[in-house]
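Colleague: I would like a close look at a single part of this model, written so that a first-year student can follow each step. Please take the salt bridges as the main subject, and set them beside the empty spaces.

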Amino acid sequence: MKDFGQYEKLLQKLHDGDVKSFKNFLRVDPGLFQELVERLTPRIQKKDTNLRRALEPGLKLAIALRYIASGDSYKSLSYGFRVAPNTISTIVPEVCQAIYEELHEECIKLPTTEEEWKEVAQGFSDRWNFHHTLGAIDGKHVAIQAPSHSGSAYHKFKGYFSIVMLAVVDSQYKFMYLDVGSNGSCSDAGIFKDSELYSALEEGAAALPPPEPLPDDDHPIPFFFVGDDAFGLKDWMMKPYATRNMTKPERLFNYRLSRARRIVENTFGILAHRFRCLLTTMLQKPENVETIVLACCCLHNLLAARTPQKIARRADREETDADHYQWTDGSWRSEDTLASLQVVGGNVGTRSARAQRDYLRDYYATIGKVSWQDKAIDVNKYRKRST
């Protein structure tokens, strides 16, 4: 019966005559699929026994990729691939673990030197006109089935159980840092403060570049990450001004910061749009969900590196010049997406961080202004009212 499954029949037909559908089915093209088979075979190949023949690595990879692409139940996958559901339940986490082990050092890299951090910051300057930005940070909830005997540990405030994925993203929609697995009942601030990245930043052990002047200016400004109100204001973390009673320079600053910050929002949206298992209530144990999420992120980065133009086509777009400004929503916004962290309270920040944000506010209203920003804040203000 297995000879009549989707791997043996459907994928072979698509490989030979419909590459676009092959990619839609597994989210990778035939060439990359074969590359992954070759790279993962040493990690996932099993030996035949006297009782049964081991499943071939290509079949196991196809099952795992179809699961993360569709979020189909193991029962549904068993009918399609002619493999028992209990076998699939071991194949998916095994293959996802192999994907992560094989790809994470290649695909998910946090800078470790001043020069590497400056290269990231240059990307934000060149593409998003927001200088000294070392990455955009955000967190999302991944819904899971309530683990046995867990009580309310994974219970999210909106009424379901979840784990949290915290990420830092570069200007090219690629993950640089991931912290996956905190239970959904944790506060947003607590998750970040418990991360290795936060400790490194607070202790000055992250090898960040020293402060430098912004373009066409002479006042040294620290390099920093950008986030939303879920994160505290620090010298190394800038976030928007509160929206009530904003002045025009504050609105301009919020718009300019949002151009850098929404990269992470788009990255999460594209990730979930591509790997739709993340939009379901995942039934695996939390540790297996963590493995699957990490594998999805590795594959996302691999695809972003191989085909960056396709990532950009799915993201929000702006048409900007002195006489014209137009915003176009990314295609992922038309569908469901991952739930954001809850913003609890607020962090007024240190005195130096508030002064730094005020300096950036004045800089982007004067020396660092761009020709379209006045039009942009009017367009974006209208968009918020109408959505």
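Modeller: A pocket, as the word is used here, is an open set of grid points with protein on both sides within 12 Å along at least five of seven lines. The model is a predicted one, and its second largest pocket holds about 460 Å³ of space. That pocket is lined by 20 residues, and those nearest its centre are K109, V120, D170, K174 and M176. Among the elements that each supply at least two residues of this lining are helix α6 (85–107), helix α7 (114–128), strand β3 (175–183) and helix α11 (286–306). Sorted by class, the lining of the second largest pocket is made of nine nonpolar, four polar and seven charged residues.

Helix α6 is a good place to turn to the salt bridges, of which the structure holds 19. One of them joins the side chains of R39 and E102, with 3.1 Å from N to O. Because R39 belongs to helix α3 (residues 30–44) and E102 to helix α6, this pair ties together parts that are 63 residues apart in sequence. R39 counts as partly exposed, since its relative accessibility is 22%, and E102, at 21%, counts as partly exposed too.

A further salt bridge is the one in which the side chains of E101 and R43 meet, at 3.2 Å from N to O. Here E101 lies in helix α6 and R43 in helix α3, so the pair ties together parts that are 58 residues apart in sequence. E101 is partly exposed at 37% relative accessibility, and R43 is partly exposed with a relative accessible area of 39%. These residues also belong to a wider arrangement, for E35, R39, R43, E101, E102, E106 and R306 are linked in a network of salt bridges.

Helix α6 takes part in another pair as well, in which K60 forms a salt bridge with E94 and the closest N and O atoms are 3.2 Å apart. Since K60 lies in helix α4 (residues 57–70) and E94 in helix α6, the pair ties together parts that are 34 residues apart in sequence. The two partners are placed in opposite ways with respect to the cut-off of 20% for a buried residue: K60 is buried, with a relative accessible area of 4%, whereas E94, at 22% relative accessibility, counts as partly exposed.

The enclosed space can be set beside the open pocket. The structure holds one cavity of 30 Å³ or more, and about 30 Å³ of space lies in the largest cavity. Its lining consists of W128, Y173, R262, I263, N266, A315, D316 and R317, and helix α10 (residues 248–274) gives the largest share of that lining, with three residues. By class, four of the lining residues are nonpolar, one is polar and three are charged.

Helix α13 (residues 351–365) offers a last step of reasoning, because its 15 residues, at 1.5 Å a residue, should span 21 Å, and its end C-alpha atoms are indeed 21 Å apart. The buried residues of α13 are A353, Q356, R357, L360, R361, Y363 and Y364. Seen down the axis of α13, these buried residues fall within an arc of 165°, so they line one face of the helix.

Note on methods. Residues are numbered from 1 along each chain as its sequence is written. This is a predicted model: local features need pLDDT of at least 70, side-chain atom pairs count only at pLDDT 80 or more; totals for chains, interfaces and linings use all residues. Side-chain values use heavy atoms; hydrogens and water are left out. On a 1 Å grid over the protein atoms alone, a cavity is a set of points where a 1.4 Å probe fits but cannot get out, and a pocket is an open set with protein on both sides within 12 Å along at least five of seven lines; lining residues have an atom within 4 Å of a point. Grid points are joined across faces, edges and corners, and a volume is the space filled by probe spheres set on the points. Helices (H or I, at least four residues) and strands (E, at least two) are DSSP runs, numbered from the N terminus. Ala, Val, Leu, Ile, Met, Phe, Trp, Tyr, Cys and Pro count as nonpolar, Asp, Glu, Lys and Arg as charged, and the others, Gly among them, as polar. The expected span of a helix is 1.5 Å times one less than its number of residues. Buried means under 20% relative accessible area, exposed over 50%, partly exposed in between (1.4 Å probe, protein chains only). The arc is that of the directions from the helix axis to the C-beta atoms. A salt bridge is a side-chain nitrogen of Lys or Arg within 4 Å of a carboxyl oxygen of Asp or Glu.
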